[in-house]
Amino acid sequence: LCLVGHGDWQTQTIAGWRANQIAPWLLNDLGLCHVNTISLISCSVARDANTLDSVRLSSSIDSFASRFTAALPFEGVPVFARYFPVWVRPNGTKYQSALEEAPMPKSSKAKFYKSGGQVYRRIGTTKDGPVRYDEADI
């Protein structure tokens, strides 16, 4: 399942909707009961609140993506989101810069998942780089 819309990391919304509004809407109004993967294709929705442009992630895991993952009533479904801006071409491919149309770097994506009622974030998706796991305090 791909959710595409304008992401605002400061208000933690996609197209003006908060995470605790979208998750129930998907489940109750659309009847979605289970998917294998959810991709949030929106600008900086993995970016934590109150972070600088040079940091974007904090140890507290306070982002739209983490709150969305927490609001899902089921566990084990990975939620992917980016902590940098993202644009989508008409053919569906993503790019990072509206001016240069540079392809998205793999390191700009984070994976969120819920296990045992706790939300976790995995970053560092490069094949040789270290992987960091964080636990959300939501």
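**Exercise 1. Get a feel for the overall fold.** Work out what share of the contacts with a separation of 6 or more comes from residues 24 or more positions apart, then list the helices and strands in order.

*Solution.* Start with the contacts: among those in the protein with a separation of 6 or more, 62% join residues 24 or more positions apart. Keep in mind that this is a predicted model. Next, count elements: there are 2 helices and 11 strands. Going along the sequence, you read them off as β-β-β-β-α-β-α-β-β-β-β-β-β. Now look at burial. The protein has 138 residues, and 39% of them count as buried. Finish with the surface: about 7600 Å² is accessible, and carbon and sulfur atoms hold 51% of that.

**Exercise 2. Describe how helix 1 and helix 2 pack.** Find the angle and the distance between their axes, and name the residues that meet.

*Solution.* Two numbers get you going, since a packed pair of helices is described by the angle between the axes and how far apart those axes are. Here, helix 1 (residues 19–29) packs against helix 2 at an angle of about 40°, and the axes are 8 Å apart. Angles under 35 degrees would count as roughly parallel and 65 to 115 as roughly perpendicular, so this pair is oblique. As for handedness, helix 1 passes helix 2 in a right-handed crossing.

Now go to the side chains. Helix 1 brings A19, N20, I22, A23 and L26, which meet F64, R67, F68 and A71 of helix 2. Sort that contact by class and you get 7 nonpolar, 1 polar and 1 charged residues.

**Exercise 3. Place T69 and L72.** Decide whether each is buried or exposed, and list what each one touches.

*Solution.* Take T69 to begin with. T69 sits in helix 2. Its relative accessibility is 2%, and buried means under 20%, so T69 counts as buried. Skip the residues up to four places away in sequence, and T69 touches V79, F112, Y113, K114 and V119.

Move on to L72, which lies in the loop between helix 2 and strand 6 (79–82). L72 is buried too, with a relative accessible area of 3%. Leaving out neighbours within four places in sequence, its contacts are A23, I38, V79 and K114. For a long-range check, pair L72 with Y113: they are 41 residues apart in sequence, while their C-alpha atoms are 9.8 Å apart in space.

**Exercise 4. Trace the surroundings of G7.** Find its strand, its burial and its contacts.

*Solution.* G7 belongs to strand 2 (residues 7–8). With a relative accessible area of 6%, G7 is buried. Beyond the residues up to four places away in sequence, G7 touches T13, I14, S42, C43 and V45. Pick S42 from that list: G7 and S42 are 35 residues apart in sequence, yet 4.6 Å apart in space from C-alpha to C-alpha.

**Exercise 5. Check the backbone at A15 and S44.** What is phi at A15 and at S44, and where do these residues sit?

*Solution.* At A15, phi is near 55°, a positive value in a residue other than glycine. A15 is in the loop between strand 3 (13–14) and strand 4 (17–18). For S44, phi is near 55° and hence positive in a non-glycine residue. S44 is in the loop between strand 5 (38–41) and helix 2 (64–71). One last step on burial: the relative accessible area of S44 is 4%, so S44 is buried.

How values were computed:
Residues numbered from 1 in each chain as written. Predicted model: local features only at pLDDT ≥ 70, side-chain atom pairs only at ≥ 80, totals over all residues. Heavy atoms only, no water. Helix = DSSP H or I, 4+ residues; strand = E, 2+ residues; numbered from the N terminus. Buried < 20%, exposed > 50% of the residue type's maximum accessible area, 1.4 Å probe, protein only. Axes fitted to C-alpha atoms, helices over the stretch in contact; angles between N-to-C directions. Parallel < 35°, antiparallel > 145°, perpendicular 65-115°, else oblique. Left-handed = near helix turned anticlockwise from the far one by under 90°. Contact = heavy atoms within 4.5 Å. Nonpolar A, V, L, I, M, F, W, Y, C, P; charged D, E, K, R; others polar. Areas by Shrake-Rupley, 256 points an atom, 1.4 Å probe, with all protein chains shown as cover.
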